[in-house]
Amino acid sequence: PSRAVQPIDAVFPPGTTTEQSNAANAALMVDSQQDAIAAALNELGYTFPQHVEVKQLIPNSPAAKVLKTGDQITSVNGTAVSSVAELRSAVSANGAGKAAEVGIVRDGTASTVSITPEETQGQVVLGIGAGMEYTFPFEVNIQLNNVGGPSAGQMFALGIIDKLTPGKLNGGKKVAGTGTIDNTGTIGAIGGIRQKMFAARDTGGASYFLAPASNCDEVTGHIPSGLHVFAVKTLADSLAVLKAVSSGSSTAGLPTCPAS
């Protein structure tokens, strides 16, 4: 039950070298750490500059002749966007083939530009690589070597909150978890969750596990015996679990993945 069978191309995409894969995962890890810091500080009520920024322009895309790298994206069709996920959702809602009014800030000057998204591989896109830009109120260093990818985001955020608040967030209990996170605290799906649950129990001695609710299809039917798994969608959900676990109160009413 701790193993899964996948097509080799799903793990090692054709034409991608080990070096390229490692570099991509390293970049995702850096972004994950920044988003985790932002999520933790936002949850704790800190205020600091944060915005969606154009990091890359795809050649010959709808945005290529309109936007520039470094542009801040503030809204789509009048709706404010404060995260990359919100930007994607707004562009998707606009649809392909119809102009979207995109609010930007360039060199300190706000304006609105018109961009007609297109559909690529089943997704409606502007043709940019978007990312978050933060100016934190203090320095946060995360030390974790030889690990790549974005799936530690949730646990980074919880670790930061633990450092910035009194006492132990987990009440001294062994709690493991996984999941991507964005600056708004939204927790997303990851790969290999079946293996991570078994590793958490077998090598970490964990009794509790925080799993992205969007991974429930892989969690259901594969939970190791003795491990209590909770389905979380936001950082607030995870904090509610930790509050119950640390206080010893009942966890019966907290969300879990379907039993079967």
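In this predicted model, the largest nonpolar core takes in 49 residues, and Leu 67, Ile 73, Ile 128 and Leu 235 are the ones with the most contacts inside it. Helix α2 gives this core its largest share, seven residues. That fits a general habit: in soluble globular proteins, nonpolar side chains tend to be buried together.

Ile 128 is a handy place to look at the core up close. Setting aside residues up to four places away in sequence, Ile 128 touches Val 54, Gln 56, Leu 57, Ile 58, Ala 63, Leu 67, Ile 73 and Leu 87. Two of these partners, Leu 67 and Ile 73, are again among the residues with the most contacts inside the core.

Another core, of 14 residues, lies apart from this one, and its members include Ile 190, Met 197, Ala 200 and Cys 216. Cys 216 also takes part in a disulfide with Cys 257, and the two sulfur atoms sit 2.1 Å apart. A search of the whole structure turns up just one disulfide. The link between Cys 216 and Cys 257 is left-handed, with -80 degrees about the S-S bond. Since Cys 216 belongs to helix α6 (residues 216-219) and Cys 257 to the segment after α7 (235-247), the pair ties together parts that are 41 residues apart in sequence. Both ends are tucked away: Cys 216 counts as buried at 13% relative accessibility, and Cys 257 is buried too, with a relative accessible area of 8%.

A little further along the chain comes Pro 224, in the loop between α6 and β13 (228-232). Although it sits in a loop, Pro 224 counts as buried, at 3% relative accessibility. Beyond its neighbours within four places in sequence, Pro 224 is in contact with Met 197, Phe 198 and Arg 201. One of these, Met 197, is a member of the 14-residue core. Ala 200, also in that core, is 24 residues from Pro 224 in sequence and 9.6 Å away in space, C-alpha to C-alpha.

Then there is the empty space. Rolling a probe the size of a water molecule over the atoms shows where such space is left. Here the largest pocket has a volume of about 700 Å³. It is lined by 25 residues, of which Gln 6, Ala 10, Val 11, Gly 191 and Gly 192 are the closest to its centre. Helices α1 (8-11), α2 (18-43) and α5 (193-202) each contribute at least two residues to the lining. Sorted by class, the lining holds 13 polar, nine nonpolar and three charged residues. Helix α2 thus turns up twice, in the lining of this pocket and in the largest nonpolar core.

Definitions and conventions: Residues are numbered from 1 along each chain as its sequence is written. This is a predicted model: local features need pLDDT of at least 70, side-chain atom pairs count only at pLDDT 80 or more; totals for chains, interfaces and linings use all residues. Side-chain values use heavy atoms; hydrogens and water are left out. On a 1 Å grid over the protein atoms alone, a cavity is a set of points where a 1.4 Å probe fits but cannot get out, and a pocket is an open set with protein on both sides within 12 Å along at least five of seven lines; lining residues have an atom within 4 Å of a point. Grid points are joined across faces, edges and corners, and a volume is the space filled by probe spheres set on the points. Helices (H or I, at least four residues) and strands (E, at least two) are DSSP runs, numbered from the N terminus. Ala, Val, Leu, Ile, Met, Phe, Trp, Tyr, Cys and Pro count as nonpolar, Asp, Glu, Lys and Arg as charged, and the others, Gly among them, as polar. A nonpolar core is a set of buried Ala, Val, Leu, Ile, Met, Phe, Trp, Tyr and Cys residues joined through side-chain atoms within 4.5 Å. Buried means under 20% relative accessible area, exposed over 50%, partly exposed in between (1.4 Å probe, protein chains only). Contact means heavy atoms within 4.5 Å. A disulfide is a pair of cysteine sulfur atoms within 2.5 Å.
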